[in-house]
Amino acid sequence: MKHYDPIFNILYVICVCLTLTAIARPFLTQRAIPAIASSHFHPSGLPVASIDPVSSGLAPADIRRTALTFDDGPHPVYTEQLLDGLKERGVHATFFVTGEHAELHPDIIRRMHDEGHLIGNHTYSHIQLTASNRDQFKNELIQTNEILYEITGEEIQYVRPPYGSWDKQLETDLNMFPVLWNVDPLDWRTANANRVAKAVISKVSENDIILMHDYYDTSVEAALMIVDELMLQGYEFVTVDKILFD
Ligand SMILES: [Zn+2]
């Protein structure tokens with residue numbers, strides 16, 4: 001009668017387990033590949049899985065959108081500083097420029113366009129629409145659209161009327177959309193960047209359009225503070241077309 005030591009039984013079981021694992025591995029790996037390939041990314045650049053409420057505490061519903069808009073530029077110094085800061089942070093904004101300033105700094109307009117910002121019309125000379133200057137106002141919009149088209153090769157669809165004065169008939173006449181604002185920190189009135197940033201951060205909510213001016217160094221400083229703080233709060237910065245039509 002042969003005698004088997006119990007150690008052989010244990011070794012046998014280990015061998016069977018290792019063999020089964022080796023056979024099963026390719027199937028397990030194949031199943032994992034489509035799961036990775038089919039995962040998609042949120043516009044924020046974060047994989048969807050990483051904004052799961054369980055894993056990060058930040059649900060997709062918590063991503064709030066807002067749009068920074070800058071009027072009156074381009075300014076030869078401050079607009080470039082702003083573009084540098086936005087580029088570092090991967091943020092897009094909307095610039096409502098005057099035809100007059102666009103003619104002086106076409107290279108900055110081209111940079112805005114190349115870096116993915118939206119460009120809108122703010123009239124040629126910053127004219128305010130009144131009861132008596134409708135034709136001149138309309139001509140300034142047309143002239144500015146032509147200047148911007150010449151530089152960017154794109155039709156301009158959005159207009160920010162200076163001081164908010166607008167005539168709805170112009171939307172049909174020119175096929176342009178007016179873009180007003182929800183948050184106005186009156187950045188042109190103070191040289192205190194902190195105060196401007198606080199005014200925006202305390203008021204902003206989802207889908208708000210923030211009005212600022214890239215014509216002052218403090219506005220640029222405040223804008224970048226706003227971006228840094230609101231991104232920490234889960235905001236995503238988009239161009240105004242995304243707020244108005246998406
Ligand atoms: Zn303006």
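Start with the whole chain: its secondary structure comes to ten helices and seven strands. The model is predicted. Of the 246 residues, 32% count as buried. Among contacts in the chain with a separation of 6 or more, 71% join residues 24 or more positions apart.

**Stop 1: the loop after S1**

Select Gly73 and Pro74. The peptide bond from Gly73 to Pro74 is cis, with omega near 0°. Most peptide bonds are trans. Pro74 sits in the loop between strand S1 (64-71) and H3.

**Stop 2: helix H5**

Move to helix H5, residues 106-114. Which residues of H5 are buried? Colour Ile108, Ile109 and Met112, which are the buried ones. Around the axis they cover an arc of only 105°, so they lie on the same side of H5. Turn the helix over to find Asp107 and Asp114, which are exposed on the other side.

Now show what covers the buried residues of H5. The cover includes helix H3 (78-89), strand S2 (94-97), helix H4 (99-104), strand S3 (118-121) and H6. Before leaving, select Gly116, just after H5, where phi is positive at about 90°.

**Stop 3: H5 against H6**

Add helix H6, residues 134-152, to the selection. The axes of H5 and H6 come within 9 Å and cross at roughly 70°. That angle makes H5 roughly perpendicular to H6. The crossing is right-handed.

To see the contact itself, display Pro106, Ile109, Arg110 and His113 in H5 together with Leu148, Ile151 and Thr152 in H6. By class, this contact has four nonpolar, two polar and one charged residues. Ile109 belongs to the contact with H6, and Ile109 is also one of the buried residues of H5.

**Stop 4: Thr144 in H6**

Stay in helix H6 and select Thr144. Is Thr144 buried or exposed? Thr144 counts as buried because it has 26 C-beta neighbours inside 10 Å, and the cut-off for buried is 20 or more.

Leaving aside neighbours within four places in sequence, Thr144 is in contact with Thr98, Gly99, Asn121, Thr123 and Tyr124. Gly99 lies in the range of H4 (99-104), and Asn121 in that of S3 (118-121). For a distance to check in the viewer, take Thr144 and Ile156: they are twelve residues apart in sequence, and their C-alpha atoms are 9.0 Å apart in space.

**Stop 5: two positive phi values**

Most residues other than glycine have a negative phi. Select Asn175, in the loop between helix H7 (169-174) and S5. Asn175 has a positive phi, near 55°. With 9 C-beta neighbours inside 10 Å, Asn175 counts as exposed.

Next select Leu186, in the loop between S5 and H8. Leu186 is not a glycine, yet its phi is positive at about 50°. Leu186 has 12 C-beta neighbours inside 10 Å and counts as exposed.

**Stop 6: Thr190**

Continue to Thr190, in the loop between strand S5 (177-178) and H8. Thr190 is partly exposed, with 16 other C-beta atoms within 10 Å. Apart from neighbours within four places in sequence, Thr190 is in contact with Arg195 and Val196. Thr190 and Tyr216 are 26 residues apart in sequence and 9.8 Å apart in space, C-alpha to C-alpha.

**Stop 7: helix H8**

Select helix H8, residues 193-203, and colour its buried residues: Ala193, Val196, Ala197, Ala199 and Val200. Look down the axis of H8: the buried residues fall within an arc of 160°, so they line one face of the helix. An α-helix has 3.6 residues a turn, so residues three or four places apart point the same way. The face turned away from the buried side carries the exposed residues Asn194 and Ser202.

What do the buried residues of H8 pack against? Show strand S6 (208-213) and helix H9 (217-232), which are their partners.

**Stop 8: H8 against H9**

End with H8 and H9 together. Their axes are 8 Å apart, and the helices pack at an angle of about 40°. H8 and H9 are therefore oblique to each other. The crossing is right-handed.

On the H8 side, display Ala193, Val196, Ala197, Val200 and Ile201. On the H9 side, display Thr218, Ser219, Glu221, Ala222, Met225, Ile226, Glu229 and Leu230. By class, the contact of H8 with H9 has nine nonpolar, two polar and two charged residues.

Definitions and conventions. Residues are numbered from 1 along each chain as its sequence is written. This is a predicted model: local features need pLDDT of at least 70, side-chain atom pairs count only at pLDDT 80 or more; totals for chains, interfaces and linings use all residues. Axes are lines fitted to C-alpha atoms, for helices over the stretch in contact, and angles run from 0 to 180 degrees between N-to-C directions. Helices (H or I, at least four residues) and strands (E, at least two) are DSSP runs, numbered from the N terminus. Angles under 35 degrees count as roughly parallel, over 145 as roughly antiparallel, 65 to 115 as roughly perpendicular and the rest as oblique. A crossing is left-handed if the near helix is turned anticlockwise from the far one by less than a right angle, and right-handed if clockwise. Two residues are in contact if their C-beta atoms, placed from the backbone, lie within 7 Å. Ala, Val, Leu, Ile, Met, Phe, Trp, Tyr, Cys and Pro count as nonpolar, Asp, Glu, Lys and Arg as charged, and the others, Gly among them, as polar. The arc is that of the directions from the helix axis to the C-beta atoms.
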